[in-house]
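These are my notebook entries on a chain that I looked up residue by residue and helix by helix. I record what I looked for and what I found.

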Amino acid sequence: DPVTTPTDGPSVLAQAHTSLRTMEGNAVRVRHMLSDARRMRSRTVACLDGTLSRADTTVRLGREETRLAAAALEAGNVTEAKQHLALLVVQREASRDASHDADACGQPAGYAAMAWDQTTIRVEVDPVIPADSAVFGH
């Protein structure tokens with residue numbers, strides 16, 4: 001979680017490993033999507049190939065940041081370890097973006113511009129709804 005910064009070495013390393021596992025999972029997911037697209041001779045192969053390249057790059061960079069964070073902790077430098085964790089979190093978000101973009105491969109124009117956390121809800125209220133007092137007797 002980018003909002004919560006761990007304060008001790010073991011927590012820094014635990015969060016680094018959790019982030020790295022998430023990134024590896026994103027890359028595996030996109031790799032499976034690409035494999036399926038190739039097997040089906042889908043037009044999404046080129047798009048998925050690009051997103052897989054991005055996801056794999058984040059994993060490589062994430063492994064390096066995790067290694068550097070562990071080395072900093074071994075040297076007793078929690079501040080440096082936190083800096084590497086912050087860089088790892090940036091890579092984790094890039095990995096999430098690559099996974100999201102893989103979902104958009106082959107979708108209609110405009111789909112990729114939508115963010116996962118932006119839900120639009122439209123509510124239509126019937127203008128003839130009776131007052132609560134008429135329904136509940138209050």
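**Entry 1: Ala27**

I began with Ala27 and asked whether it is buried or exposed. Ala27 has a relative accessibility of 3%, so it counts as buried; the term means under 20% relative accessible area, while exposed means over 50% and partly exposed lies in between, with a 1.4 Å probe and protein chains only. I located Ala27 in helix α1. I then noted a partner far along the chain: Ala27 and Arg96 are 69 residues apart in sequence, and their C-alpha atoms are separated by 9.3 Å.

**Entry 2: The model and the chain**

I note that this is a predicted model, in which local features need pLDDT of at least 70 and side-chain atom pairs count only at pLDDT 80 or more, whereas totals for chains, interfaces and linings use all residues. Residues are numbered from 1 along each chain as its sequence is written, and side-chain values use heavy atoms, with hydrogens and water left out.

I counted 4 helices and 0 strands in the protein chain. Helices (H or I, at least four residues) and strands (E, at least two) are DSSP runs, numbered from the N terminus. The pattern along the sequence is α-α-α-α. Of the 138 residues in the protein chain, 29% are buried.

**Entry 3: How α1, α2 and α3 pack**

Two packed helices are described by the angle between their axes and the distance between the axes. The axes are lines fitted to C-alpha atoms, for helices over the stretch in contact, and the angles run from 0 to 180 degrees between N-to-C directions.

I took α1 (residues 9-39) and α2 (residues 45-74) as one pair; they pack at an angle of about 160°, with axes 9 Å apart. These two helices are therefore roughly antiparallel. Angles over 145 degrees count as roughly antiparallel, under 35 as roughly parallel, 65 to 115 as roughly perpendicular and the rest as oblique. The α1 and α2 crossing is left-handed, a term used if the near helix is turned anticlockwise from the far one by less than a right angle, with clockwise giving right-handed. In the contact of α1 with α2 I recorded 17 nonpolar, 6 polar and 6 charged residues. Here Ala, Val, Leu, Ile, Met, Phe, Trp, Tyr, Cys and Pro count as nonpolar, Asp, Glu, Lys and Arg as charged, and the others, Gly among them, as polar.

For α2 and α3 I found an angle of about 165° and axes 8 Å apart. This pair, α2 and α3, is therefore roughly antiparallel. Their crossing is left-handed, and the contact of α2 with α3 holds 14 nonpolar, 7 polar and 5 charged residues.

For α1 and α3 I found an angle of about 20°, with axes 9 Å apart. That makes α1 roughly parallel to α3. The crossing of α1 past α3 is left-handed, and their contact has 11 nonpolar, 7 polar and 5 charged residues.

**Entry 4: The nonpolar cores**

In soluble globular proteins, nonpolar side chains tend to be buried together. I therefore looked for nonpolar cores, each a set of buried Ala, Val, Leu, Ile, Met, Phe, Trp, Tyr and Cys residues joined through side-chain atoms within 4.5 Å. The largest has 13 residues, and Val12, Ala81, Leu85 and Leu88 have the most contacts inside it. At least two of its residues come from each of α1, α2 and α3, and α2 gives the most, with 5 residues. A second, separate core of 7 residues includes Leu34, Leu52, Ala102 and Cys105.

**Entry 5: The disulfide**

How many disulfides does a search of the whole structure find? The search finds 1 disulfide, defined as a pair of cysteine sulfur atoms within 2.5 Å. Cys47 and Cys105 form it, with sulfur atoms 1.9 Å apart. Cys47 lies in helix α2 and Cys105 in the loop between α3 (78-104) and α4 (132-136), 58 residues apart. The torsion about the S-S bond is about -75°, so this disulfide is left-handed. Cys47 is partly exposed at 35% relative accessibility, whereas Cys105 is buried at 9%.

**Entry 6: Arg41**

I closed with Arg41, in the loop between α1 and α2. Arg41 is not a glycine, yet has a positive phi of about 55°. With a relative accessible area of 77%, Arg41 is exposed.
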